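Student: I have the sequence and the coordinates open side by side, and I would like to work through them with you. Could we take the packing of the rings before we turn to the sheets?

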Amino acid sequence: MMDDQNDANDMPDFSGLIDFEQIEEVSRVFFEESKEILQGLDAQIMRLEDAPNDLEQINVLFRKVHTIKGSVGSVPGGQLLASLSHEFEALLTRIKRESQTVSKECIDLFLLSSRLMKQLAEALREKRDLYPEELSEVIETITRYNGFQFSGEAPKKSKKSHAKPSVVSDDEDGVWMSTKQMNEMLRLSGELLVLKNFFSMMNQTVNFRAEPDLFERRQSDFSQNLTKITDQFQNQLQVIRKEKAEESFQGIPVLVRQTATELNKTVHLEMTGLDFLIDKSLAKDISESLLHLVRNSIDHGIEDQFERTVAGKPSIGHLMIEIIDRNGTIHVTMKDDGKGLDRERILKRALANDLIRPEDADKVSDDEVYKCIFEPGFSTKDKITTVSGRGVGMDVVSTLVEKYGGSISISTELGLGTTFTLVYPAPSHILVESAMVASWNGFQIAIPLTSVAHITSCSTLQLNRIEHLRYCQFHNQTIPLLSYQEIRDDQLLLNEAKVATSTAIFVRAKNSMVALLVDRVEAQTDLVVKNFGGIVKEQKGFKGFSVLADEKVTYIVDPEQLLGMLKHSIPMENAA
């Protein structure tokens with residue numbers, strides 16, 4: 001027993017030789033270097049599938065995988081990722097050395113490996129053990145590499161269901177800031193510090209009673225500089241939150257390929273408009289919407305090769321996705337050349353699901369019928385498959401669009417295809433609204449300037465009543481003229497004398513307009529929008545509130561919600 005203790009005491013102590021800080025630094029460098037490589041791996045594999053004999057594309061993929069293999073070797077616990085990368089690299093080496101064509105089986109294996117490499121890197125970053133199913137799938141994939149033959153036969157597929165490919169990397173919902181952007185933020189923070197010192201000095205050195213003119217000049221200078229810096233600061237933060245659209249949607253081609261392969265169809269994807277910057281959170285939600293639209297289109301819309309040949313179409317289906325930024329509003333169009341939406345089939349299922357009343361079946365519009373596909377649980381599939389049939393997915397699209405106050409439109413032609421257009425107003429994460437502040441009945445309300453079409457005295461308007469509400473004429477259109485309470489209660493509450501002495505603010509949203517009655521317009525200003533909480537009670541028709549310099553609470557109008565409350569609104573015929 002004593003001998004054992006002596007042996008233990010005689011063992012050399014290596015703890016002082018291990019530099020744990022250096023190990024942490026090596027790991028940190030690996031995660032930073034590998035992040036961009038792993039994010040772009042799927043896109044590179046898909047480019048290789050489009051050009052299976054392009055040696056340059058093979059070399060690019062080889063270099064990416066080789067970099068991962070080399071840098072992960074020094075990361076504690078990275079042996080499994082290194083082994084998978086090694087086998088990936090070895091197969092690419094065989095392809096180059098033997099001048100092999102990159103087959104479909106190769107692409108399948110590469111895409112699977114890409115997904116597993118991301119999972120392994122994530123587990124390393126979180127310092128967690130792999131789940132048994134993850135470990136089993138990695139080992140099975142390495143085994144497939146060892147036995148891979150260029151025989152044209154597809155390798156045996158795992159019986160385990162594969163997770164859907166990742167379209168957008170959350171990275172814990174963080175953002176990446178370039179050195180240039182960081183320097184700009186530091187510059188602005190420096191200017192704010194100078195401005196703070198200026199304000200302090202102004203209050204200490206200038207007596208506003210003895211030197212009112214000097215104090216007013218200093219105060220004016222301070223106000224102008226503060227406005228300039230805060231505007232720059234806000235704009236810079238908005239830029240930092242954005243990323244290239246191309247980065248956000250690089251997983252879509254992988255999804256198209258995976259879904260088409262699963263359904264034994266051939267689909268060509270064309271994506272345009274990926275060269276502008278888009279807000280990261282919006283990009284994530286658009287990607288999620290496209291996931292469901294793409295799968296639905298390939299499953300329900302695009303026919304298989306036999307059906308397309310019989311219909312006189314090219315055997316390869318075509319799917320087009322276009323993203324356009326129109327004055328800060330994102331328009332996403334997804335178009336296929338499939339068989340189009342079957343109105344009667346959708347209507348029949350909508351009637352069965354009580355989405356449309358039988359007495360309305362003959363007069364319901366095409367648009368109302370087609371939008372039933374976005375209802376939760378709705379599906380025209382009689383048989384549930386791995387792709388669809390449970391009615392899950394399209395309702396997610398509708399929810400994500402509504403989250404931003406956007407809209408969905410559908411255009412379809414039987415036998416020729418369907419076009420979905422999603423419109424997303426660009427989100428403002430720094431909730432500052434340029435607004436018109438007005439008084440009404442003892443309260444202050446603010447209308448976003450982007451929704452203000454016109455302001456005028458009611459004494460100049462031609463008024464009339466239609467049914468039980470008040471209307472006025474504006475640019476040859478009949479527009480409702482009501483106070484907030486009248487809109488809320490759907491009835492007239494004011495007499496003609498009160499209306500004549502009021503001011504009308506014409507509020508526009510989408511293709512509708514209402515003339516909102518106020519006592520007077522107070523000012524135009526920038527407001528910081530605060531969400532309704534326990535202190536201020538939430539009010540229907542308002543997006544939030546703000547506290548002005550005079551400490552008065554101002555309710556900020558939500559134009560779309562306000563018009564949605566109006567049960568008898570008349571759509572604008574010539575809305576800009």
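Student: Is phenylalanine 110 buried or exposed?
Tutor: Bear in mind throughout that we are reading a predicted model. A residue counts as buried when its relative accessible area is under 20%. Phenylalanine 110 has a relative accessibility of 0%, so the residue counts as buried.

Student: Which kind of pair do the rings of phenylalanine 88 and phenylalanine 110 make?
Tutor: Phenylalanine 88, like its partner, is a residue to look for inside, since its relative accessibility is 0% and it counts as buried. Planes under 30 degrees apart count as stacked. The two ring centres are 4.6 Å apart and the planes meet at 20°, so the pair is stacked.

Student: How many residues apart in sequence are the parts that this pair ties together?
Tutor: Phenylalanine 88 belongs to helix H5 (residues 79-97), whereas phenylalanine 110 belongs to helix H6, so the contact of the rings ties together parts of the chain. Tyr145 joins Phe88 and Phe110 in one aromatic cluster. The separation in sequence of the parts tied by the phenylalanine pair is 22 residues.

Student: How far does helix H6 reach from its first C-alpha to its last?
Tutor: Helix H6 covers residues 104-126, which makes 23 residues. At 1.5 Å a residue the expected span is 33 Å, and the helix comes close to that. Just after H6, lysine 127 takes a positive phi of about 55°. The reach of helix H6 from first to last C-alpha is 33 Å.

Student: Which kind of pair do phenylalanine 199 and phenylalanine 222 form?
Tutor: The structure holds eight aromatic pairs. Planes under 30 degrees apart count as stacked and those over 60 as edge-to-face, with the rest counted as tilted. The rings of phenylalanine 199 and phenylalanine 222 have centres 4.9 Å apart and planes at 35°, so the pair is tilted.

Student: Which of these two residues, phenylalanine 199 or phenylalanine 222, counts as partly exposed?
Tutor: Phenylalanine 199 lies in helix H8 (residues 179-205) and phenylalanine 222 in helix H9 (residues 212-240), so their pair ties together parts 23 residues apart in sequence. With a relative accessibility of 16%, phenylalanine 222 counts as buried. The residue that counts as partly exposed, at 36% relative accessibility, is phenylalanine 199.

Student: The charged end of lysine 96 sits over the ring of which residue?
Tutor: For a charge to sit over a ring, NZ of Lys has to be within 6 Å of the ring centre and within 35 degrees of the ring normal. The charged end of lysine 96 is 4.1 Å from the centre of such a ring, and that ring belongs to phenylalanine 62.

Student: Turning to the sheets, which are the edge strands of the open sheet of five strands?
Tutor: The order of this sheet is E2-E4-E5-E7-E6, and its pairing is mixed. From one strand to the next the twist averages 10°. Helix H11 (residues 252-262) lies across E2 and E4, at about 165° to E2, while helix H16 (residues 394-403) lies across E6 and strand E7 (417-425), at about 30° to E7. Pairing on one side only, the edge strands are strand E2 (267-272) and strand E6 (407-413).

Student: How many residues of E5 are buried?
Tutor: Strand E5 (residues 329-336) runs antiparallel to strand E4 (residues 317-326), and eight bridges join them. E5 also pairs with E7 in the antiparallel sense, over eight bridges. E5 is mostly covered, and of its eight residues the number buried is six.

Student: Which residue in E7 stands opposite histidine 331?
Tutor: Histidine 331 has its place in strand E5, and at 17% relative accessibility it counts as buried. Leaving aside residues up to four places away in sequence, histidine 331 touches several residues, including Glu322, Ile324 and Leu422. The residue standing opposite histidine 331 in E7 is valine 423.

Student: Which strands stand at the edges of the open sheet of six strands?
Tutor: Here the order is E10-E14-E15-E13-E12-E11, again described as mixed pairing. Neighbouring strands are turned by 35° against each other on average, direction ignored. Each edge strand has a single partner, so one side of each is left without a neighbour in the sheet, and these strands are strand E10 (452-457) and strand E11 (463-466).

Conventions
Residues are numbered from 1 along each chain as its sequence is written. This is a predicted model: local features need pLDDT of at least 70, side-chain atom pairs count only at pLDDT 80 or more; totals for chains, interfaces and linings use all residues. Side-chain values use heavy atoms; hydrogens and water are left out. Helices (H or I, at least four residues) and strands (E, at least two) are DSSP runs, numbered from the N terminus. The expected span of a helix is 1.5 Å times one less than its number of residues. Two strands pair if DSSP finds at least two bridges between them. Axes are lines fitted to C-alpha atoms, for helices over the stretch in contact, and angles run from 0 to 180 degrees between N-to-C directions. Contact means heavy atoms within 4.5 Å. Rings of Phe, Tyr and Trp (its six-membered ring) pair if their centres lie within 6.5 Å; planes under 30 degrees apart count as stacked, over 60 as edge-to-face and the rest as tilted. Buried means under 20% relative accessible area, exposed over 50%, partly exposed in between (1.4 Å probe, protein chains only).
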